[in-house]
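Here is a short tour for a first look. Start with the whole chain, then move to the ligand, and end on a single residue.

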Amino acid sequence: MTDVLVVGGGPAGRALAAECGSRGLATTLVDPTPDAPWRATYAAWLDELPEGLPPPVAIARGRVIAHTTHALDRRYAVLDVPALRAHLDARLDAAGVRIIAGRVSGHAGPAVVLADGTPLSARSVVDAGGHRAPLGGGHHGGNGAGPTAAEQTAYGVVVDTATAAPIAAAESALVMDWRPEHGEPGWPTFLYAIPLGGGAMLLEETSLARRPGLPLPVLHRRLLARLARYGITPQADARVERVRFPVDRPRHATPGVLGFGAAAPLVHPATGFSVADSLRLAPAVADDLATGGVRAAQRRLWPARAVAVHRLRRIGLEALLRMPPEGVPAFFETFFALPERHRRAYLSGRDDLAGHLAAMAALFGHADINLRRRLVEPAFRRPAPALPTPRR
Ligand SMILES: Cc1cc2nc3c(=O)[nH]c(=O)nc-3n(C[C@H](O)[C@H](O)[C@H](O)COP(=O)(O)OP(=O)(O)OC[C@H]3O[C@@H](n4cnc5c(N)ncnc54)[C@H](O)[C@@H]3O)c2cc1C
């Protein structure tokens, strides 16, 4: 019997397990491949990150291009993923967290069962198993057991800053460029171009959300076409990044289990971000687990105002999913023209209901009649239906 069992050793699970261990809780972390390195490029708004992390590989001023260019009053941080991992591993080690290599296959009362049949008991069980939420039950997509997931998908290549220069300067993070320079009609995608430090840039064609996700070969093709306009041809052996994850996972509702990280889901339905929230919330959630167990931690993660913000963001997601292709850049043109406090409240502040409502009111006030209708209607409709998979 351990005090806390954390299922999943991604950023959320490792951060929370380390915090629990450092509070003197007997903590176990279980993951099928606990030593596998992280491959994703994690980034976040600098002001969302907690203190004490290793320095990011790059901090750049955010920029968005919709119909016009918006210089954002906010800095974007690209995390040093190997350093973050080493930092969390050192904290796990120092806190005496026990690490088990195994795949959790089920949960019964205070025990989880590994795929090989081994039971593990804990006073508090945390599902930090990522978007598949292994203890969450009924995850959609996959085996057709539920509705089709809305997914963010992206395909990126890493090039050097000199190669990327015609498209994006290394000092700025191009968070979104909605110009359809990929030359294809249909589902809207944008370019995400961020510095990775060490003279490298990640150039990524991204579909913010689609149900189901826009296939990666489509994004790959669009990226190459977009880059070709600037005379950029990535090297055949260039590092690539493939992104695919759901943005509309239902809330984790397994009694007695705390969903944390992408499993919670802490994923912002309209941006896909979760890592900064997971890292920032881990200490307070560990305090709650130490004093009041899973219930107290649930209350911390999901106070009524966070539930309300999440619902509103889900409606925002459904609005995006139903917009005609030309409506999406028009939406972001209106959104990024709002004052910084409104943009910040919508993009961050997961429990800032007043800020969120003020941002929505401001957006509504600046929207034309078509956009207003598109923003309001999804509140009264069923989720947008699944689209056919486009021709590759
Ligand atoms: C390529 C890519 C780039 C991304 N970039 C960003 C970004 O810049 N910023 C951002 O905020 N988000 C980003 N995301 C989205 C999301 O935030 C990440 O997926 C992030 O890794 C979520 O962290 P997590 O710890 O909650 O889950 P994960 O990182 O998915 O970790 C889950 C862990 O659980 C383990 N696990 C799964 N099933 C079981 C089981 N049955 N038993 C035991 N363990 C299990 C897995 O092996 C894994 O180690 C990105 C996603 C991808 C794919």
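## Surface and overall form

The protein chain has an accessible surface of about 16,800 Å². Carbon and sulfur atoms hold 55% of that surface. Keep in mind that this is a predicted model.

The chain has 392 residues, and a compact globule with that many would have a radius of gyration near 21 Å. The protein chain has 21 Å, so it agrees with that expectation. Along the principal axes, its C-alpha trace spans about 60 × 50 × 40 Å.

## Fold and packing

The protein chain contains 10 helices and 15 strands. Of its 392 residues, 55% count as buried.

Contacts tell the next part. Take those in the protein chain with a separation of 6 or more. Residues 24 or more positions apart account for 72% of them.

## Around the ligand

How many residues surround the ligand? The number is 30. The closest are Asp-31, Tyr-42, Ala-43, Ala-262 and Ser-274. By type, the shell divides into 16 nonpolar, 10 polar and four charged residues.

Ala-12 and Thr-41 each bring a backbone N or O atom to the ligand. For Ala-12, that atom lies 2.9 Å from an oxygen atom of the ligand. For Thr-41, the partner is a nitrogen atom of the ligand, at 3.2 Å. Ser-274 uses its side chain instead: an N or O atom there is 2.8 Å from a ligand oxygen atom. Taken alone, the ligand exposes 990 Å². The protein buries 83% of that area.

## Where the shell comes from

Which elements give two or more residues to the shell around the ligand? They are helix 1 (11-22), strand 2 (27-31) and strand 14 (240-246). Strand 14 supplies the largest share, four residues.

## A closer look at Ser-278

Ser-278 lies in helix 5, which covers residues 275-301. Is Ser-278 buried or exposed? The relative accessible area of Ser-278 is 2%. Buried means under 20%, so Ser-278 is buried.

Now set aside the neighbours of Ser-278 within four places in sequence. Ser-278 is then in contact with Ala-12, Phe-260, Gly-261 and Leu-266. Ala-12 links back to the ligand: a backbone N or O atom of Ala-12 lies 2.9 Å from a ligand oxygen atom.

Definitions and conventions
Residues numbered from 1 in each chain as written. Predicted model: local features only at pLDDT ≥ 70, side-chain atom pairs only at ≥ 80, totals over all residues. Heavy atoms only, no water. Near = heavy atom within 4 Å. Polar contact = N/O pair within 3.5 Å; in protein donor to acceptor, adjacent residues only side chain to side chain. Areas by Shrake-Rupley, 256 points an atom, 1.4 Å probe, with all protein chains shown as cover. Nonpolar A, V, L, I, M, F, W, Y, C, P; charged D, E, K, R; others polar. Rg over C-alpha atoms; globule rule 2.2 N^0.38 Å. Buried < 20%, exposed > 50% of the residue type's maximum accessible area, 1.4 Å probe, protein only. Contact = heavy atoms within 4.5 Å.
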